[in-house]
Amino acid sequence: METILNVNNLTKKFNFLTAVNDVSFEIKKGNVYGILGPNGSGKSTTLGMVLNVVNETSGSFSWFGGSTTTHEALKKVGAIIERPNFYPYMSAEQNLKLVCKIKEVSPDKINEKLELVGLLDRKDSKFRTYSLGMKQRLAIASALLNDPEILILDEPTNGLDPQGIHQIRSIIKKIASTGTTILLASHLLDEVEKVCTHAIILRKGHMIYCGRVDQMIASHGYFELKTKDMDTLLSYLQNNDHFSSIKQDNGLITAFLSEPMDPASFNQIMFDQNIVLSHLIWRKESLEEQFLSLTNNSAN
């Protein structure tokens, strides 16, 4: 699979603050990547460096296998890293025509891109009449005018209402279905889980995970358990390789599975051990639980 972007040991320091610390990852063609982390984790700074608007302190990056200069490579990149900024008294179509002149691309695809983001019927409306969600969709249309090989979005749903969030996410999925690679920064776990195929998780500038989203959440779940003799149950679980960790809180034992096991089979095993369970529930770990587990187990 073709490599779109290669990042090697990228570091950015602002005086005594290290915003990005020795980060390395690859972006492969045709996937949707999410850079995930709380505010201040280094997401926007990382995007700024690969887009040549922030100078790296050390490390390197290369676009499209290093076969071209960064300046030339960025002509094949569409990016939105700031709030949409168009002329308020010009229509959507007029604004996009101006963008085409600046990017030196043909205006022939303006209607096609406006239709893609659901704004074709409002192309003659002035930008100042647009809602925040519509402004964001127009920005996406603008970033697509040069038919980029990769679309980069920084917090694309930030500040939007639920309907606006749903529309932006649907558009991202639609763009990805055409084969366009997407790299988006987000602090929303839900966004990455619903939209992205791959996740890059940053915490205080450090990368703590890089891989497929489905592998990140591919845990075997856990049992919530109660019985009259909790000590006997706890002793059994702690000495059983089927479980990776055991927690006890508020009269409930939580046993995390290290391999697949259905509740009926486990209940039979307990019965054979003369342990009668009064409470047995199997749950799947959410992406949020996986994320908290990753961040809590990482060095500060």
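**Close-up of Lys204, an exposed residue between two strands.** In this predicted model, where local features need pLDDT of at least 70, side-chain atom pairs count only at pLDDT 80 or more, and totals for chains, interfaces and linings use all residues, Lys204 has a relative accessibility of 52% and therefore counts as exposed (exposed means over 50% relative accessible area, buried under 20% and partly exposed in between, with a 1.4 Å probe and protein chains only). Residues are numbered from 1 along each chain as its sequence is written, and side-chain values use heavy atoms, with hydrogens and water left out. Lys204 lies in the loop between β8 (198–203) and β9 (206–212), where helices (H or I, at least four residues) and strands (E, at least two) are DSSP runs numbered from the N terminus. The phi of Lys204 is near 50 degrees, a positive value in a residue other than glycine. Most residues other than glycine have a negative phi.

**Close-up of Asn250, in the loop between β11 and β12.** Asn250 is not a glycine, yet its phi is positive, at about 55 degrees. With 72% relative accessibility, Asn250 counts as exposed.

**Close-up of helix α1 (residues 43–50) and the residue Asn52 just after it.** The helix is mostly covered, since seven of its eight residues are buried. These buried residues are Lys43, Thr45, Thr46, Leu47, Gly48, Met49 and Val50. Just after α1, Asn52 takes a positive phi of about 70 degrees.

**Close-up of the aromatic pair Phe86 and Phe127.** A pair of aromatic rings is described by the distance of the centres and the angle of the planes. Rings of Phe, Tyr and Trp (its six-membered ring) pair if their centres lie within 6.5 Å, and planes under 30 degrees apart count as stacked, over 60 as edge-to-face and the rest as tilted; by this rule the count comes to seven aromatic pairs. The centres of the Phe86 and Phe127 rings are 5.2 Å apart and their planes stand at 65 degrees, so this pair is edge-to-face. The pair links distant parts of the chain, 41 residues apart, with Phe86 in the loop between β5 (77–80) and α3 (92–103) and Phe127 in the loop between α4 (110–116) and α5 (132–143). Phe86 counts as buried at 11% relative accessibility, and Phe127 is buried too, with a relative accessible area of 6%. Ring pairs link Phe86, Phe127 and Tyr130 into a cluster. The charged end of Lys135 sits over the ring of Phe127, 5.3 Å from its centre (a charge sits over a ring if NZ of Lys or CZ of Arg is within 6 Å of the ring centre and within 35 degrees of the ring normal).

**Close-up of the aromatic pair Phe223 and Phe266.** Here the ring centres of Phe223 and Phe266 are 4.8 Å apart and the planes lie at 20 degrees, so the pair is stacked. This pair also links distant parts of the chain, Phe223 being in strand β10 (residues 222–227) and Phe266 in helix α10 (residues 263–272), 43 residues apart. Both Phe223 and Phe266 are buried.

**Close-up of helix α9 (residues 230–238) and its buried residues.** Met230, Leu233, Leu234 and Leu237 are the buried residues of this helix. Seen down the axis of α9, they fall within an arc of 100 degrees, so they line one face of the helix (the arc is that of the directions from the helix axis to the C-beta atoms). What covers them includes β10, β11 (243–249), β12 (252–257), α10 and β13 (277–283), with contact meaning heavy atoms within 4.5 Å.

**Close-up of Ile140 in the largest nonpolar core.** A nonpolar core is a set of buried Ala, Val, Leu, Ile, Met, Phe, Trp, Tyr and Cys residues joined through side-chain atoms within 4.5 Å. Of the 42 residues in the largest core, Leu96, Leu138, Ile140, Leu151 and Ile182 touch the most other members. Leaving aside its neighbours within four places in sequence, Ile140 is in contact with Ile80, Val117, Leu151, Leu153, Ile168, Ile171 and Ile175. A second, separate core of 26 residues includes Leu5, Ala19, Tyr33 and Ile200.
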